Amino acid sequence: MSLTWIICGAGRHIGRTSLAQRLCEVLPNAVYAKQGCGTWQEGKPSNFFRTDQELASFVAAARAQHEHIVVESNALARRGDGDIIIFVDGPAGLTDSRPDVDLLRAQSHVQIAPGVLPGRWREALLQKVPSPALRDAVGAMFARHAERARPADAGVCRVTP
């Protein structure tokens, strides 16, 4: 059985892609895909999809070959699709947040955001990731990602029920 991890976020240039790629490095037998409105560019990940149908076909095929499918997609997160939805918030004072930012935040299982307590991601991962070592590795990666993106006095990550 494969797990689908969905990365979504508050806006542009907040680290969703780097988080997704780092997550693929931590998870065994993982594959990365991105859904977006733009066009694929040279040097970007090859699994880029514009439509829900193209992405759904890729995910269905990947389930047979991969333990973990990491998808960067606000559309999937809005619908609540995915086993673990991770919301990446913008820095404090972000003025160009997406109009659906509150919905994305509400749909998420894990939030990486300023001003939240570290370590609470375990609750969401505990139900979906059987390996304590893998949960710890993912949590450490979340913490490193949050450290890079946050002001010195902000929190690390929060899990919503």
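H68 is buried in this predicted model, its relative accessible area being 6%. The residue belongs to strand β4, which spans residues 68-72. When neighbours within four places in sequence are set aside, the contacts of H68 comprise L3, W5, L27, P28, N29, A30, V31 and L134. One of these partners, W5, is also among the residues that touch the most other members of the largest nonpolar core.

That core contains 43 residues, and those with the most contacts to other members are W5, L23, V70, I86 and F142. With neighbours within four places again left aside, W5 is in contact with L23, L27, H68, I69, V70, V71, I84, I86, L125, V129 and V138. The contacts of W5 thus include L23, V70 and I86, which are listed with W5 among the residues touching the most other core members.

L23 is also one of the buried residues of helix α1 (residues 16-26), together with R16, L19, A20 and C24. Viewed down the axis of α1, these buried residues fall within an arc of 140° and therefore line one face of the helix. Such an arrangement reflects a general feature of the α-helix, in which residues three or four places apart point the same way because each turn takes 3.6 residues. C24 has a relative accessibility of 16% and counts as buried because this value is under the 20% limit. C8, at 0% relative accessibility, is likewise counted as buried. The structure holds 0 disulfides.

A search for aromatic pairs identified 1 in the structure. This pair is formed by F49 and F58 and is tilted, with 5.1 Å from centre to centre and 40° between the planes. Both rings belong to buried residues, the relative accessibility being 13% for F49 and 17% for F58.

Across the whole structure, 7 salt bridges were found. In one of them, the side chains of E72 and R16 meet at 3.5 Å, N to O. This pair links distant parts of the chain, since E72 lies in strand β4 and R16 in helix α1, 56 residues apart. Both E72 and R16 are buried. The two residues also take part, with K34, in a network of salt bridges. R16 thus appears both in this network and among the buried residues of α1.

A second salt bridge joins the side chains of D100 and R78 at 2.7 Å, N to O. D100 is located in the loop between β5 (84-88) and α4 (101-107), whereas R78 is part of helix α3 (residues 74-79), so the pair ties together parts that are 22 residues apart in sequence. The partners differ in burial: D100 counts as buried at 13% relative accessibility, while R78 is partly exposed at 33%.

The loop between β5 and α4 also contains D89, whose side chain meets that of R105 in a further salt bridge (3.2 Å, N to O). R105 lies in helix α4, so this pair ties together parts that are 16 residues apart in sequence. R105 is partly exposed, with a relative accessible area of 22%.

Technical notes. Residues are numbered from 1 along each chain as its sequence is written. This is a predicted model: local features need pLDDT of at least 70, side-chain atom pairs count only at pLDDT 80 or more; totals for chains, interfaces and linings use all residues. Side-chain values use heavy atoms; hydrogens and water are left out. Helices (H or I, at least four residues) and strands (E, at least two) are DSSP runs, numbered from the N terminus. Buried means under 20% relative accessible area, exposed over 50%, partly exposed in between (1.4 Å probe, protein chains only). Contact means heavy atoms within 4.5 Å. A disulfide is a pair of cysteine sulfur atoms within 2.5 Å. Rings of Phe, Tyr and Trp (its six-membered ring) pair if their centres lie within 6.5 Å; planes under 30 degrees apart count as stacked, over 60 as edge-to-face and the rest as tilted. A nonpolar core is a set of buried Ala, Val, Leu, Ile, Met, Phe, Trp, Tyr and Cys residues joined through side-chain atoms within 4.5 Å. The arc is that of the directions from the helix axis to the C-beta atoms. A salt bridge is a side-chain nitrogen of Lys or Arg within 4 Å of a carboxyl oxygen of Asp or Glu.
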